[in-house]
Amino acid sequence: MMNPAWRVLSAPLIGLFVLAGCGGNEEPKVPTAAEAAVTLKDHVTRTLDGALGKDLKVTDPGGKDVPCAEGKVKRTYAAKARDSFYSGDSNLTLLAMIGSLGKVAEYDLTSSNSSDTYQEATNKDLHLRIVLSAPDKGSMVVRGETECLPAR
């Protein structure tokens, strides 16, 4: 014969085990373009600050939805600065920006140009793409965009 306490506890315990097995299948929440743009702006600014950029100037304030496929939109943001360590070497300036971006968040370096003055990086989890460049002596340029994301 079954213990009376087991009869009382068995149904709730079975329900708990069933619910515990169902919780891990949720899709991660995809941010809106505006939400991802806030993170993008922060990462661009912190990358330039961390690379010792001075005289920061926003070159693309973003804030506008750029239409893309399937009714989704993306957002952009860009800024530039001068390096404060006066290296005069675009390669060193780019390396400083890459190192700084690595401290801001985990990005995968995806492509660069042959002159080592351009580097693209992506973060799939945050739905962001950032391009770092040092087009001339002492110049730092960081521009980015979100992936095509829901507008709302």
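## Overall layout

From the N terminus on, the elements of the chain run α-α-β-β-β-β-α-β-β-β-β. That comes to three helices and eight strands. The model is a predicted one.

The chain has 152 residues, and buried residues make up 33% of them. Contacts often reach far along the sequence. Of the contacts with a separation of 6 or more, 59% are between residues 24 or more positions apart.

## Helix H2

Helix H2 covers residues 33-50, which makes 18 residues. From its first C-alpha to its last, H2 reaches 25 Å. This is close to the 26 Å expected at 1.5 Å a residue. After H2 comes Leu52, whose phi is positive, near 65°.

Which residues of H2 are buried? They are Ala33, Ala36, Ala37, Leu40, His43, Val44, Thr47 and Leu48. Seen down the axis of H2, these buried residues fall within an arc of 125°, so they line one face of the helix. Strands and a helix help to cover them. The cover includes strands E1 (53-60), E3 (73-74) and E4 (76-83). Helix H3 (90-104) also takes part, as do strands E7 (128-133) and E8 (139-146).

## Two residues beside this picture

Thr45 also sits in helix H2. Thr45 is partly exposed, with a relative accessible area of 24%. Its C-alpha is 9.2 Å from that of Lys80, although the two residues are 35 apart in sequence.

Ser100 belongs to helix H3. Is Ser100 buried or exposed? Ser100 is buried, at 4% relative accessibility. Leaving aside neighbours within four places in sequence, Ser100 is in contact with Arg46, Thr47, Gly50 and Ala51. Thr47 is itself one of the buried residues of H2.

## Strand pairing

E4 has pairings with E1 and with E8. E1 and E4 pair in the antiparallel sense, over five bridges. One residue pair shows where they meet: Lys57 has Lys80 in E4 as its bridge partner.

How many bridges join E4 to E8? There are seven, and these strands also run antiparallel. Ala81 stands opposite Met140 in E8.

## The disulfide

The count of disulfides comes to one. This disulfide joins Cys68 to Cys148, with 2.2 Å from S to S. Cys68 lies in the loop between strand E2 (66-67) and E3, while Cys148 is in the segment after E8, so the pair ties together parts that are 80 residues apart in sequence.

Both cysteines have some exposure. Cys68 is partly exposed, with a relative accessible area of 22%. Cys148 also counts as partly exposed, at 32% relative accessibility.

## Pro31 and the end of the chain

Pro31 lies in the loop between helix H1 (4-22) and H2. At 17% relative accessibility, Pro31 counts as buried. The cut-off for buried is under 20% relative accessible area.

What does Pro31 touch, not counting residues up to four places away in sequence? Its contacts are Ala36, His127, Leu149 and Pro150. Ala36 is among the buried residues of H2. Pro31 and Arg152 are 121 residues apart along the chain, yet their C-alpha atoms are separated by 8.7 Å.

## Asn123 in strand E6

Asn123 has its place in strand E6, which covers residues 118-123. Asn123 is buried, with a relative accessible area of 7%.

Where does the side chain of Asn123 have a polar atom 2.6 Å away from a backbone oxygen? The backbone oxygen belongs to Glu106. Not counting residues up to four places away in sequence, Asn123 touches Ala105, Glu106, Tyr107 and Leu128. Glu106 thus appears both in the list of contacts and as the owner of that backbone oxygen.

Definitions and conventions: Residues are numbered from 1 along each chain as its sequence is written. This is a predicted model: local features need pLDDT of at least 70, side-chain atom pairs count only at pLDDT 80 or more; totals for chains, interfaces and linings use all residues. Side-chain values use heavy atoms; hydrogens and water are left out. Helices (H or I, at least four residues) and strands (E, at least two) are DSSP runs, numbered from the N terminus. The expected span of a helix is 1.5 Å times one less than its number of residues. Buried means under 20% relative accessible area, exposed over 50%, partly exposed in between (1.4 Å probe, protein chains only). The arc is that of the directions from the helix axis to the C-beta atoms. Contact means heavy atoms within 4.5 Å. A disulfide is a pair of cysteine sulfur atoms within 2.5 Å. A polar contact is a pair of N or O atoms within 3.5 Å; within protein, one must be able to donate a hydrogen and the other to accept it, and residues adjacent in sequence count only if both atoms are side-chain atoms. Two strands pair if DSSP finds at least two bridges between them.
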